[in-house]
Amino acid sequence: MSETNPQDLPPAREELAPKPLAAARAALDPLAVSASGARLAPPHLATLDVTVLVPITSPRAEVRDVVVALGRELEREGRSHEFVLVFDGVRGKAWSDALELAAQHGDKLRMISFENPFGESVCLSAGFEISRGRVILTSPQYVQIDPLELAPVLAAIDAGADFVTPWRHPRVDARLNRVQSACFNWLIRQIIRMQFHDLNCYFRAIRREVLAEVAVYGDMYRFLPVIAHRQGFRVVEVPVRHLKEWGQSGFFGLGVYVRRFLDVLGVMFLTKFTLKPLRFFGSVGALCSFLGLAILAVVSYQRLTGDNEGLYGRPVFLLAVMLLVVGVQIIGFGLVGEIIIYTQARHLREYRIERVYE
Amino acid sequence: MKSGTPVDLSIVVPIFNEAPNLRLLHAELATALERVGRPCEIIYVDDRSTDGSLEVLLELRAADARVRVVHFRRNFGQTAALAAGFEQARGHVVVTLDGDLQNDPGDIPALLAEIDLGCDVVAGWRKQRHDGLVLRRIPSWLANRLISLATGTRVHDTGCTLKAFRKDLVERLVIYSEQHRFLPALAMGSGARVRELAVNHRPRRFGKSKYGIGRASRVLLDLLAILMIARFSHRPLHYFGLISLFFTGGAIVFLFMSTVNYHTFELVKKWWQFSLFIFFMLLLLVLYFVLLGLLSELAVTASGMHRRRVLDRLVSRSH
């Protein structure tokens, strides 16, 4: 958590700055200590029904719209709530709006700001660490989902869900985006064998216990429903009305696709093989070695029977030997993975108990 | 058994979709435990069954105060169920058995007698198995031979769930993934005294087996890992060195084949360049595995696992 530095603010807003800042600091103070030293706000601090957590990554974020719309719905639902806005290395208009809102809402709206962008996962963790709600509702930085959908989402939590993941249906963004998104989600479903339709929407309601147990880092926020499900939490998908989409439409850069693919690979590996890395590396390695051995057997047989040129001159022989060596090396990686997991096994509990009937 | 009551013996039974067997199993357990005559608890670990096993278990719990039921959030597998049972167990001795009635609870007193003689683990040995020969018994025999060859445990049947453990050991043992098959080997790695005892094995009555032949390759890979964990966890470099040694042996053979005078060995004549090539590759692997071994040493050191008290990690006897 970085300090909110008045000098960094646009001059026009300076006269606004001191009072709300002091209020925000005062609200943060007891928690700010624990956020720098200890990790989580202890459970007894969960005094509210809902914390609305909004990661803000653009100075054009519609902070005011989000706060007003969700605030009104939460008021109507009769749930005590607070807002936590996490500014991920941005200021600008969104920041000054937030300051004004903080002045109006006092303790009910707090901000964290980072000097540099650290990504949504860090925003989520940081916001959670100072949150006081029993349910954390993450929202995009603009009104992407109809605020009226808040009621069914929270109703699903009341009905026993630990995690509500939204499904924008029908979608209103560009067709190409929808196709790409559908492909991504289809791929995830195939790999992880779970029936989630829409992992790219972050209008999520998450019970406090989930975030206390699931460590979120890197690009994990995207796959949070999958990870929560793996840990045995009840994840429920709720169809929601899609109002508008902010993101870029059309094709993304090549880098985006590569990164997305790597994310999928990482999640697949971590969800299935965290505790048995050798199963993964071993299978891949054994496949390579087996292929190499088979080719080697064939070319050796040809060499033995025919009177052809030396094996060292045949590219396929080189390929076979390479495959063999790479295969064995990959198995070696798996062994190192096993030793890493073994040394940490005491901290990685595999199972989650729902209840012990004494 | 309500918390607070001292318990001497904990029975841990992992349950996954065994509803038709449960009542009979519990009745048999109750008879066996009467013969034992010690204060005990029975922990059924319900691995998120889908056939209503939990309801049956809760009924049993209502009728018998010794019963505790652990209910998982989702299906986590047999190893996790055993680990959870171990974690919950309060007795000085923990006995595990299958929920499918193939193990005979009547064997429990004999296991306990062995524990009282000073063993840390008593493993059941299904001398007469009642499973399919080709799909179950032959692969199992092979796996057991491999396991005892690799880990040096002289146990005929590590796959039998019917086992008795001293609580001291259970507290020191961390099991995950599918390591329940290798418990005797892992226990020996923790310094336990392991014995085995021939036990009764009965054919399956209701339900069907949850294992098939498909696990063979997985068991082989697991074996490779267990060997390292059980015997080399405090010096992984030696394990990787051992693998390197294997490749070094190969390298020497191929080096010899490529340099030998091929006027005397006609066969080698055709193969010397081939051998030289393989020699280089094997040399690469030797180097590579030594480096991986160093990396593993780093992982072990960084984990700080050896900073924990030895007596908290290993089973020992003070005299």
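In this predicted model, strands β1 (residues 48-56) and β4 (residues 133-138) of chain A run side by side in the parallel sense, held in register over five bridges. Within that pairing, A:V52 sits opposite A:L137 of β4(A). The two strands belong to an open sheet of seven strands in chain A, ordered β3-β2-β1-β4-β6-β5-β7, and the pairing across this sheet is mixed. At the edges are β3 (109-114) and β7 (235-240) of chain A, each with a partner on one side only. Going from a strand to its neighbour, the turn averages 20°, with direction ignored.

Helices of chain A pack on this sheet. Helix α2 (residues 63-77) of chain A touches β1, β2 (81-88) and β3 of chain A, and its direction makes about 165° with that of β1(A). Helix α4 (residues 120-130) of chain A lies across β1, β2, β3 and β4 of chain A, at about 145° to β2(A).

Chain A also has a helix-helix contact to look at. Helix α6 (residues 175-192) and helix α9 (residues 254-273) of chain A pack with their axes 10 Å apart and an angle of about 20° between them. Since angles under 35 degrees count as roughly parallel, that value makes α6(A) roughly parallel to α9(A). The crossing of α6(A) past α9(A) is right-handed. On the α6(A) side the contact is made by A:F184, A:L187, A:I188, A:I191 and A:I192, and these meet A:R260, A:V264, A:M268 and A:T271 of α9(A). Sorted by class, that contact comes out as seven nonpolar residues, one polar and one charged.

Now for chain B. Its secondary structure amounts to 12 helices and seven strands, and its C-alpha trace spans about 85 × 45 × 40 Å along the principal axes. Of the 319 residues in chain B, 45% count as buried. Among contacts in chain B with a separation of 6 or more, 81% are between residues 24 or more positions apart.

The two chains share a sheet. Strand β8 (residues 353-357) of chain A pairs with β3(B) in the antiparallel sense over four bridges, and A:I353 stands opposite B:F72 of β3(B). The result is an open sheet of eight strands, read as β8(A)-β3(B)-β2(B)-β1(B)-β4(B)-β6(B)-β5(B)-β7(B), again with mixed pairing. The edge strands here are β8 of chain A and β7 of chain B, each pairing on one side only. From one strand to the next, the twist averages 20°.

Helix α3 of chain B packs on this shared sheet, touching β8 of chain A as well as β1, β2, β3 and β4 of chain B, and its direction makes about 155° with that of β1(B). The helix is mostly covered, with nine of its 11 residues buried. Those buried residues are B:Q78, B:T79, B:A80, B:A81, B:L82, B:A83, B:A84, B:G85 and B:F86. They pack against β8 of chain A and, within chain B, against β1 (9-15), β2 (40-46), β3, β4 (93-96) and α6 (167-172).

As for the contact between the chains overall, chain B contributes 44 residues and chain A contributes 34 residues. On the chain B side, α2 (53-63), β3 (67-72), α3 (78-88), α8 (216-232) and α11 (272-303) each supply at least two residues. The largest share of that side comes from α11(B), with 15 residues. By class, the side of chain B that touches chain A divides into 29 nonpolar residues, eight polar and seven charged.

One loop residue rounds off the picture of chain B. B:S190 lies between α7 (183-189) and β7 (194-199) of chain B. This serine counts as buried because it has 20 C-beta neighbours inside 10 Å. Leaving aside residues up to four places away in sequence, B:S190 touches B:L169, B:R172, B:L173, B:L314 and B:V315. By contrast, B:F277 is 87 residues from B:S190 along the chain, and their C-alpha atoms are separated by 43 Å.

Methods
Residues are numbered from 1 along each chain as its sequence is written. Chains are lettered from A and ligands numbered from 1 in the order in which they are written. This is a predicted model: local features need pLDDT of at least 70, side-chain atom pairs count only at pLDDT 80 or more; totals for chains, interfaces and linings use all residues. Two residues are in contact if their C-beta atoms, placed from the backbone, lie within 7 Å. Ala, Val, Leu, Ile, Met, Phe, Trp, Tyr, Cys and Pro count as nonpolar, Asp, Glu, Lys and Arg as charged, and the others, Gly among them, as polar. Two strands pair if DSSP finds at least two bridges between them. A residue is buried if 20 or more other C-beta atoms lie within 10 Å of its own, exposed if 12 or fewer, and partly exposed in between; C-beta atoms are placed from the backbone. Axes are lines fitted to C-alpha atoms, for helices over the stretch in contact, and angles run from 0 to 180 degrees between N-to-C directions. Angles under 35 degrees count as roughly parallel, over 145 as roughly antiparallel, 65 to 115 as roughly perpendicular and the rest as oblique. A crossing is left-handed if the near helix is turned anticlockwise from the far one by less than a right angle, and right-handed if clockwise.
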